[in-house]
Amino acid sequence: MTFKVDLNCDMGESYGAYAMGRDAEIMDYITSANIACGFHAGDPATMRKTVQLALEKNVGIGAHPGLQDLVGFGRRNIAITPQEAYDLTVYQIGALAGFVQAEGGRLQHVKAHGALYNMAAKNAGLSEAIAEAVYKIDPELILFGLSGSEIVKAGQKIGLRTANEVFSDRTYQPDATLTPRTQSNALITDPQTAIRQVIRMVKESKVQTVEKQDIAIQADTICIHGDGATALDFAVEISKTLRDTGIDVVKVQEFM
């Protein structure tokens, strides 16, 4: 049996004089890049440079819209209406799509960031607004969302292709949501544990929760993070290990 999976990473998170991540190096080991659009991170110059880098490396380009919260890096919950979610999604996709078009490329996907992502995973109204924004801009775009979440359901309902996303370095709750970062057990810090979790999610469609119970999960795309001290080493290792265990790592648009 052949397994195919996309490997995505958040990119373009530098802002002005502040540099984040090791985008140029990690881009060699992923297949899709979620590029910040200026609300939670990123700026016009960073967006342009990251788009150029992704095109050079043949990496799928995704808009990564977040809440308007630079100080909190888009990770703080802000009460917004579905209309506000629609507006900020359209605005940010449009900004990145402009750079992609200017460089002769094509946008592949959209993935909400941080608190917006987690809020939409549980809130049907926010998810439907985000899905509508994506669909109206381009119905050919792929909508990324937490595996089995409301945003995946909303995307399917409106007629978008959807990619169920799983996380290599995060723990899971019994309802298949991610453990909040405010909790001490939210992150998986051991690389081998993270890789074993990923391989099981891809090959067995299962993940063990923090309560040591197996739950069903679908893994179309795997998120790795590019801003940690060992981010590059992990990107290299997970990319190689997936292929060594019979899992093809390819852009999501190539198998959806």
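**Figure 1. Helices and strands of the predicted model.** The protein chain holds eight helices and 10 strands. Its radius of gyration is 17 Å, close to the 18 Å that the globule rule gives for 256 residues, so the chain is as compact as a globular protein of that length. The model shown is predicted. Along the principal axes, the C-alpha trace spans about 40 × 35 × 35 Å.

**Figure 2. Burial, contacts and surface of the protein chain.** Of the 256 residues, 54% are buried. Sequence separation is the next point. Among contacts between residues at least 6 apart in sequence, 71% join residues at least 24 apart. The chain exposes about 11,300 Å². Carbon and sulfur atoms supply 49% of that area. The chain carries 24 positive and 31 negative charges. The mean positions of these two sets are 2 Å apart.

**Figure 3. Close-up of T177 in the loop between β6 and α7.** This loop runs between β6 (161–167) and α7 (191–204), and T177 is found in it. T177 has a relative accessible area of 13%; buried means under 20%, so T177 counts as buried. The side chain of T177 makes a polar contact with the side chain of D175, at 2.5 Å. Leaving aside residues up to four places away in sequence, T177 touches K122, L146, T171 and Y172.

**Figure 4. Close-up of N58 in the loop between α2 and β3.** N58 lies after α2 (44–56) and before β3 (60–64), in the loop between them. The backbone is the point of this view. N58 is not a glycine, yet its phi is positive, at about 60 degrees. Most residues other than glycine have a negative phi. N58 has a relative accessibility of 54%; exposed means over 50%, so N58 counts as exposed.

**Figure 5. Close-up of K212 in the loop between β7 and β8.** Two strands flank this loop: β7 (206–208) and β8 (214–216). K212 is found between them. The phi of K212 is positive, at about 65 degrees, although K212 is not a glycine. K212 counts as exposed, with a relative accessibility of 63%.

**Figure 6. T177, N58 and K212 by loop and accessibility.** T177 is in the β6 to α7 loop and is buried, at 13%. N58 is in the α2 to β3 loop and is exposed, at 54%. K212 is in the β7 to β8 loop and is exposed, at 63%. Positive phi values are found at N58, about 60 degrees, and at K212, about 65 degrees.

Technical notes
Residues are numbered from 1 along each chain as its sequence is written. This is a predicted model: local features need pLDDT of at least 70, side-chain atom pairs count only at pLDDT 80 or more; totals for chains, interfaces and linings use all residues. Side-chain values use heavy atoms; hydrogens and water are left out. Helices (H or I, at least four residues) and strands (E, at least two) are DSSP runs, numbered from the N terminus. The radius of gyration is taken over C-alpha atoms; the globule rule is 2.2 Å times the number of residues to the power 0.38. Buried means under 20% relative accessible area, exposed over 50%, partly exposed in between (1.4 Å probe, protein chains only). Contact means heavy atoms within 4.5 Å. Accessible areas come from the Shrake-Rupley method with a 1.4 Å probe; for residues, only the protein chains shown count as cover. Lys and Arg count as positive and Asp and Glu as negative; His and the chain ends are not counted. The place of a charge is taken as NZ of Lys, CZ of Arg, CG of Asp or CD of Glu. A polar contact is a pair of N or O atoms within 3.5 Å; within protein, one must be able to donate a hydrogen and the other to accept it, and residues adjacent in sequence count only if both atoms are side-chain atoms.
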